[in-house]
Amino acid sequence: MAPSTSSALTLNINGEKHTLTVDHRTTLLDALRERLDLTGTKKGCDQGQCGACTVLIDGRRAVSCLQLAVAAGGREITTIEGVADGDRLHPVQQAFLDLDGYQCGYCTPGQICSALGVLEEHAAGWPSAATTDVRPEAGVPELTAEEIRERMSGNLCRCGAYVSIVQAVAKAASAEEGATA
């Protein structure tokens with residue numbers, strides 16, 4: 001008897017459990033869009049190069065087109081649909097809106113999810129390729145425009161809204177710093 005090529009799994013998405021049977025080759029992106037109708041996550045290049053499909057898995061950024069759905073079973077997945085608190089936008093979403101950090105909007109869900117990951121990584125003290133002093137005793141690097149550009153470099157915007165995106169991430173970072181002070 002040939003082994004099964006599909007499995008039943010439970011995906012924890014935006015605080016809700018979804019049980020479904022998927023082919024082992026199904027990407028998380030396709031499960032979200034095709035099976036669960038969570039179409040906020042966009043399919044761009046389908047090769048992990050553009051960032052349009054970025055989601056958070058256990059709080060970390062991941063391009064969902066390269067993540068198999070079966071490997072995401074039991075993990076906490078956050079898509080753009082789960083970022084806001086009801087009708088209240090997350091500070092990152094509000095900053096994108098206030099500063100026109102989008103144009104056509106296609107890349108915006110991935111940009112916002114990536115920005116959330118960037119802010120967490122920065123707060124945790126993770127250096128980037130733009131960080132000048134990576135010694136642990138140097139502490140958390142300043143979140144400069146150069147740091148933001150480097151950290152967001154995995155997300156492409158065909159409209160070229162990069163200046164506004166960097167400003168939006170910086171504004172959201174300032175809002176989060178003010179909220180924790």
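## From a serine in α5 outward

Serine 164 touches Leu99, Asp100 and Gly101, leaving out residues up to four places away in sequence. That's a handy place to start a walk through this structure, which is a predicted model. The serine sits in helix α5, residues 162–180. Is serine 164 buried or exposed? Its relative accessibility is 19%, and buried means under 20%, so serine 164 counts as buried. There's a polar contact to look at here too: a polar atom of the serine 164 side chain lies 3.4 Å from the backbone oxygen of aspartate 100.

Let's hop across to that partner. Aspartate 100 belongs to the loop between α2 (91–98) and α3. Its backbone deserves a second look, since aspartate 100 has a positive phi of about 55° without being a glycine. As background, most residues other than glycine have a negative phi. Aspartate 100 is partly exposed, because its relative accessible area is 41%, whereas serine 164 counts as buried at 19%.

Now back to α5 and further along the helix. Alanine 172 is also found in α5. With a relative accessibility of 1%, alanine 172 counts as buried. What does alanine 172 touch, not counting residues up to four places away in sequence? The list is Pro91, Val92, Ala95 and Leu119. Take leucine 119 from that list: it is 53 residues from alanine 172 in sequence, yet the two C-alpha atoms are 8.5 Å apart in space.

Glutamate 176 is in α5 as well. Leaving aside neighbours within four places in sequence, glutamate 176 is in contact with His90 and Leu119. So Leu119 turns up in the contact list of alanine 172 and in that of glutamate 176. How far apart are the C-alpha atoms of glutamate 176 and proline 91? They're separated by 7.6 Å, with the two positions 85 residues apart along the chain. Unlike alanine 172, which is buried at 1%, glutamate 176 counts as partly exposed because its relative accessibility is 28%.

Helix α3 covers residues 108–123, and histidine 122 is part of it. Histidine 122 counts as buried, since its relative accessibility is 10%. Set aside the neighbours within four places in sequence, and histidine 122 is in contact with Val140, Pro141, Glu142, Leu143 and Arg151.

Time to leave the helices for the strands. Strand β1 (residues 6–13) and strand β2 (residues 16–23) pair in the antiparallel sense, with eight bridges. To find your bearings in that pairing, look at threonine 10, whose bridge partner in β2 is threonine 19. The β1–β2 hairpin has two residues between the strands, and asparagine 14 there takes a positive phi near 50°. Asparagine 14 lies in the loop between β1 and β2, and it isn't a glycine either, despite that positive phi. Is asparagine 14 buried or partly exposed? With a relative accessible area of 24%, it is partly exposed.

Strand β1 has another partner. Two bridges join β1 to strand β5 (residues 76–78), and this time the strands run parallel. Within that pairing, asparagine 12 stands opposite glutamate 76 in β5.

There's another hairpin to visit. Strand β3 (residues 54–57) and strand β4 (residues 60–63) run antiparallel and are joined by four bridges. Leucine 56 stands opposite arginine 61 in β4. Here too, two residues lie between the strands, and aspartate 58 takes a positive phi near 55°. Put that beside asparagine 14 in the β1–β2 hairpin, with its positive phi near 50°.

The last stop is empty space. Rolling a probe the size of a water molecule over the atoms shows where such space is left. In this model, the largest pocket holds about 180 Å³. Which residues line the largest pocket? They are Gly44, Cys50, Ala52, Cys104, Tyr106, Cys107, Leu156, Cys157, Arg158 and Cys159. By residue type, the lining divides into eight nonpolar, one polar and one charged. Arginine 158 is the charged one and glycine 44 the polar one, because glycine counts among the polar residues in this scheme.

Conventions. Residues numbered from 1 in each chain as written. Predicted model: local features only at pLDDT ≥ 70, side-chain atom pairs only at ≥ 80, totals over all residues. Heavy atoms only, no water. 1 Å grid on protein atoms, 1.4 Å probe; cavity = no way out; pocket = protein on both sides within 12 Å on 5 of 7 lines; lining within 4 Å. Points joined across faces, edges and corners; volume = space filled by probe spheres on them. Pairing = 2+ DSSP bridges. Buried < 20%, exposed > 50% of the residue type's maximum accessible area, 1.4 Å probe, protein only. Contact = heavy atoms within 4.5 Å. Polar contact = N/O pair within 3.5 Å; in protein donor to acceptor, adjacent residues only side chain to side chain.
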